[in-house]
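Reader: I'm new to this one and would love a close look at a single part of it. Could you walk me through slowly, in plain words?

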Amino acid sequence: MSNASAPQSEQELLNARLEQANQQLLQSEKLAAIGQLAAGVAHEINNPVGYVYSNLQTLDNYLNDLFRLTEAVDNARCIEDLRQIKQNIDYDFLKDDLRDLLAESREGIERVKTIIAAMKDFSHIEEEEFKPADLHRGIETTLNVVNNELKYKAEVVREFGDLPEVECIISQINQVIMNLLVNAAHAIETFGRITIRTRQKGSTVVVEVQDTGRGISPEHRHRIFEPFFTTKPVGKGTGLGLSLSFNIIEKHQGTLDVESAPGEGTCFRITLPIVHPDTDNE
Amino acid sequence: MIKIQLVDDERNILSALRRLLKPEGWEVHTYDNVEEALGSLKDHEYAVIISDFRMPTADGVTYLQFAKQRQPDAVRLVLSAYGDRESMIKAINQAEVHRYLSKPWEDHEVISAIRSAIDLYQLKKENQRLRRENERQKDMIRAREEELLRLETENPGITRVQRDTDGSVLLSDDD
Ligand SMILES: Nc1ncnc2c1ncn2[C@@H]1O[C@H](COP(=O)(O)OP(=O)(O)O)[C@@H](O)[C@H]1O
Ligand SMILES: [Mg+2]
């Protein structure tokens with residue numbers, strides 16, 4: 001009995017260490033990914049902030065013009081004076097443009113809000129619990145975070161099926177999808193298409209990320225899930241994205257497969273059980 | 001009329017800039033894609049071209065390099081949210097941009113950058129006009145000299161007629 005339990009606990013110890021190492025790796029890949037994204041996110045935010053900020057300065061000028069008119073109500077000698085001021089400040093243009101200015105500025109603030117919300121959703125690293133989650137929402141969140149990486153490289157097509165909520169750690173699934181999307185964008189030379197497809201298949205759900213990029217050559221095909229395998233220049237690739245994605249999906253008792261035709265494109269397929277088998281047992 | 005071209009894939013940026021430039025009285029043309037912006041270089045002569053850096057089909061520097069070939073006199077500015085050194089250096093060296101402005105911007109900074117660009121453009125134009133004028137006058141002098149030479153060979157001495165202080169030709173009976 002004691003003979004059997006000794007190696008058992010040692011193995012448990014090793015397992016625990018492995019798990020810890022994996023967590024650290026996950027964390028560092030996440031930080032690297034966030035670092036890469038930071039510049040992109042700054043760009044995404046600076047654009048809307050740029051025009052909202054400028055619009056506010058214009059608004060200040062418009063208001064001064066309008067006040068000139070309203071204050072003249074008390075001082076003007078006759079209605080003709082008021083008409084003159086109204087004409088001088090180009091009132092008709094101002095009235096139309098004010099509405100546009102406000103609508104566009106609101107749109108800008110909405111965009112900043114969405115990006116910030118997505119970043120928040122995205123950085124819930126501490127969340128380790130398997131919980132029913134809406135994968136489509138997760139995909140949208142992820143798209144918002146990586147939009148800047150994608151929009152100059154590809155048109156993103158959503159082919160979403162009906163999905164039930166899936167028991168998963170959504171922040172980790174988001175990270176897998178982000179890795180697949182960024183890889184897809186990197187694989188596209190000039191401009192292409194990235195299709196995100198979802199469907200339910202029996203007791204599982206399938207999420208596919210397909211690109212029209214350069215594809216994976218047969219000699220690389222069996223190595224892409226290895227930690228640190230990368231074909232990208234230093235600074236662009238860590239070689240950790242797919243290996244960690246693979247681990248995450250494995251932990252979810254799902255599978256991560258790939259099909260690729262060099263020169264035509266690549267499709268990564270995530271399959272996840274709708275009910276996580278471990279929680280099933282509880 | 002001073003014409004200004006704005007290129008940015010974000011329409012709301014274009015409208016904000018339009019608002020900003022409206023009181024200045026310049027003719028402002030906006031394009032949300034590089035292809036159309038490039039096409040318009042055939043139809044309009046711009047004093048200033050302002051381009052975003054990151055755009056879907058071509059980056060701003062590439063666009064400005066094209067623009068420089070088509071309209072070397074137009075002064076080029078970059079307005080970018082992509083504030084890294086690399087893109088800035090590239091812009092300055094490859095497309096010879098006059099100013100690199102970053103988003104978000106201060107309205108008065110953009111206005112003064114454009115004003116100084118217009119000054120530069122007008123100086124270039126004035127310079128060219130003066131050079132042409134100079135060339136033209138040199139040509140006229142040369143033509144006149146040639147004419148004198150021709151007259152002289154046909155009628156030796158004719159270009160050396162003597163005049164009195166009032167400018168009247170003095171004839172002598174020597175010949
Ligand atoms: N969609 C794809 N198309 C082509 N090659 C890919 C794709 N996704 C991954 N790869 C290949 O797999 C390698 C490993 O990917 P990954 O583990 O994410 O690391 P990284 O992206 O940092 O290189 C990449 O360097 C690339 O060669
Ligand atoms: Mg990757």
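Reader: Let's take chain B: what percentage of its 175 residues count as buried?

Author: One thing to keep in mind from the start is that this is a predicted model. Of the 175 residues in chain B, 39% count as buried.

Let's start with how chain B is put together. Chain B has five helices and seven strands. Read from the N terminus, its elements go β-α-β-α-β-α-β-α-β-α-β-β, and you can follow that order on the structure in front of you. The contacts inside chain B are worth a look too: if you take those between residues at least 6 apart in sequence, 61% of them join residues at least 24 apart.

For one example of a buried residue, go to Val34(B), which sits in helix 2 of chain B, residues 34-40. Its relative accessibility is 8%, and because buried means under 20%, Val34(B) counts as buried. And what does Val34(B) touch, once its neighbours within four places in sequence are left aside? The partners are Met55(B), Thr57(B), Ala58(B) and Tyr63(B). There's also Asp8(B), which is 26 residues away from Val34(B) in sequence, with 8.3 Å between the two C-alpha atoms.

Two spots in the backbone of chain B deserve a stop. The peptide bond running from Lys103(B) to Pro104(B) is cis, with an omega near -10 degrees. You'll find Pro104(B) in the loop between strand 5 (99-102) and helix 5 (107-154) of chain B. The other spot is Glu96(B), which isn't a glycine but still has a positive phi of about 45 degrees. Glu96(B) is in the loop between helix 4 (85-94) and strand 5 of chain B. Is Glu96(B) buried, exposed or partly exposed? Its relative accessible area is 46%, so Glu96(B) is partly exposed.

Now turn to where chain B meets chain A. The contact takes 19 residues from chain B and 22 residues from chain A. As for size, that is often given as the accessible area lost when the parts come together. Here about 2000 Å² is buried between the two chains, and carbon and sulfur atoms give 47% of that area. Who does the most on the chain B side? Asn12(B), Arg19(B) and Arg54(B) supply 33% of the area that chain B buries against chain A, more than any other three residues.

Which charged and polar pairs cross over? There are four salt bridges across this interface. In one of them, the side chains of Asp97(A) and Arg19(B) meet at 2.7 Å, N to O. So Arg19(B) turns up twice: the salt bridge has a nitrogen of Arg19(B) within 4 Å of a carboxyl oxygen of Asp97(A), and Arg19(B) is also one of the three residues that supply 33% of the area buried by chain B. The interface also has 14 residue pairs in polar contact, counting those with both residues at pLDDT 80 or more. Among the elements of chain B, helix 1 (residues 11-21) gives the most to the side touching chain A, with six residues. There's a lysine to look for as well: Lys22(B) lies over the face of Phe93(A), 3.9 Å from the ring centre.

Since you've reached chain A, here are a few things to look for there. Asp90(A) has a positive phi of about 55 degrees although it's not a glycine. The loop between helix 2 (79-88) and helix 3 (91-122) of chain A holds Asp90(A), which at 36% relative accessibility counts as partly exposed.

Then look for rings. Over all chains the count comes to two aromatic pairs. In one, Phe225(A) and Phe246(A) are tilted, with 5.1 Å from centre to centre and 55 degrees between the planes. That pair links distant parts of the chain: Phe225(A) is in the loop between helix 6 (218-221) and helix 7 (241-251) of chain A, and Phe246(A) is in helix 7, 21 residues apart. In the other, Phe225(A) and Phe268(A) have centres 6.5 Å apart and planes at 85 degrees, so that pair is edge-to-face. Because Phe268(A) lies in strand 7 (residues 265-273) of chain A, this second pair ties together parts that are 43 residues apart in sequence. Both Phe225(A) and Phe268(A) are buried, whereas Phe246(A), at 31% relative accessibility, counts as partly exposed. Ring pairs link Phe225(A), Phe246(A) and Phe268(A) into a cluster.

Technical notes. Residues numbered from 1 in each chain as written. Chains lettered and ligands numbered in written order. Predicted model: local features only at pLDDT ≥ 70, side-chain atom pairs only at ≥ 80, totals over all residues. Heavy atoms only, no water. Phe/Tyr/Trp six-rings, centres within 6.5 Å; stacked < 30°, edge-to-face > 60°. Helix = DSSP H or I, 4+ residues; strand = E, 2+ residues; numbered from the N terminus. Buried < 20%, exposed > 50% of the residue type's maximum accessible area, 1.4 Å probe, protein only. Lys NZ or Arg CZ within 6 Å of the ring centre and 35° of its normal. Contact = heavy atoms within 4.5 Å. Buried area = accessible area lost by both parts, 1.4 Å probe. Polar contact = N/O pair within 3.5 Å; in protein donor to acceptor, adjacent residues only side chain to side chain.
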